Amino acid sequence: MAAQRIYLVGAGAIARHHAAAALALPAGDVELHVTDLSASALDGFMTKYPSANAHKDMTTMLSDASRESDVVVICTPPFANADPATVNRESGRQVLWGKR
């Protein structure tokens, strides 16, 4: 079975909580992807989760063909959520958007 692919948009504190939860899934095989406009946030995330795949932007991160089981988690501040939610929804992936 292929790894569960989790895509995180944003690499701050909320993304780190989602990463920890994803990596603790009982199924075990998780492929974690992350992007953030802030290089320092992305660097900090990668220090804590070095096995994650860092991407320079959402377009690059979502360039692979989507799978039905792919999940994108929007971890950006509320004022910055609209564009990521639209881009990810258009990519054919499931989108978890926890803020309004």
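Here are five short exercises, with worked solutions, on a predicted model of one protein chain.

**Exercise 1. Lay out the chain.**
Find how many helices and strands the chain has, and the order in which they run.

*Solution.* Start by counting: there are four helices and five strands. Next, walk from the N terminus, and the elements read β-α-β-α-β-α-β-α-β. Then look at burial: of the 100 residues in the chain, 39% are buried. Finish with the contacts between residues at least 6 apart in sequence, of which 62% join residues at least 24 apart.

**Exercise 2. Take apart the largest nonpolar core.**
Work out which residues of the largest nonpolar core touch the most other members, and which element gives the largest share of the core.

*Solution.* This core has 17 residues, and the ones that touch the most other members are Ile6, Leu8, Leu32, Val34, Phe45 and Ala52. Now map the core onto the elements: strand 1 (4-9), helix 1 (13-23), strand 2 (30-35) and helix 2 (39-48) each give two or more residues. Helix 2 supplies the largest share, with four residues. There is also a second, separate core of seven residues, including Val9, Met58, Leu62 and Ile74. As a general backdrop, nonpolar side chains tend to be buried together in soluble globular proteins.

**Exercise 3. Follow Phe45.**
List what Phe45 touches beyond four places away in sequence, then decide what kind of aromatic pair Phe45 forms with Tyr49.

*Solution.* Leaving out residues up to four places away, Phe45 touches Leu8, Ala11, Ala15, Arg16, Ala19, Leu32, Val34 and Ala52. Turn next to the rings, where the structure holds one aromatic pair. That pair is Phe45 and Tyr49, with 5.1 Å centre to centre and 40° between the planes. Planes under 30 degrees apart would count as stacked and those over 60 as edge-to-face, so the pair at 40° is tilted. Both Phe45 and Tyr49 are buried.

**Exercise 4. Find the two sides of helices 1 and 2.**
For each of the two helices, identify the buried residues and explain why they lie on one side.

*Solution.* Take helix 1, whose buried residues are Ala15, Ala19 and Ala22. They span an arc of only 65° around the axis, so they sit on the same side of helix 1. A general rule helps here: an α-helix has 3.6 residues a turn, so residues three or four places apart point the same way. The buried residues of helix 1 pack against strand 1, strand 2 and helix 2, while the face turned away from them carries the exposed residues Ala13 and His17.

Now repeat the steps for helix 2, whose buried residues are Ala41, Leu42, Phe45 and Met46. Down the axis of helix 2 they fall within an arc of 135°, and therefore line one face of the helix. Their packing partners are strand 1, helix 1, strand 2 and strand 3 (53-55). On the face turned away are the exposed residues Ala39, Ser40, Asp43, Thr47 and Lys48.

**Exercise 5. Place Arg93.**
Decide whether Arg93 is buried or exposed, and describe the surroundings of Arg93.

*Solution.* First locate Arg93, in the loop between helix 4 (82-90) and strand 5 (94-97). The relative accessibility of Arg93 is 4%, and buried means under 20%, so Arg93 counts as buried. Next, see that Arg93 lies over the face of Tyr7, at 4.8 Å from the ring centre. Last, check the polar contacts: the side chain of Arg93 makes one with the side chain of Asp70 (3.2 Å) and one with the side chain of Ser91 (3.3 Å).

Note on methods:
Residues are numbered from 1 along each chain as its sequence is written. This is a predicted model: local features need pLDDT of at least 70, side-chain atom pairs count only at pLDDT 80 or more; totals for chains, interfaces and linings use all residues. Side-chain values use heavy atoms; hydrogens and water are left out. A nonpolar core is a set of buried Ala, Val, Leu, Ile, Met, Phe, Trp, Tyr and Cys residues joined through side-chain atoms within 4.5 Å. Buried means under 20% relative accessible area, exposed over 50%, partly exposed in between (1.4 Å probe, protein chains only). Contact means heavy atoms within 4.5 Å. Rings of Phe, Tyr and Trp (its six-membered ring) pair if their centres lie within 6.5 Å; planes under 30 degrees apart count as stacked, over 60 as edge-to-face and the rest as tilted. A charge sits over a ring if NZ of Lys or CZ of Arg is within 6 Å of the ring centre and within 35 degrees of the ring normal. A polar contact is a pair of N or O atoms within 3.5 Å; within protein, one must be able to donate a hydrogen and the other to accept it, and residues adjacent in sequence count only if both atoms are side-chain atoms. The arc is that of the directions from the helix axis to the C-beta atoms.
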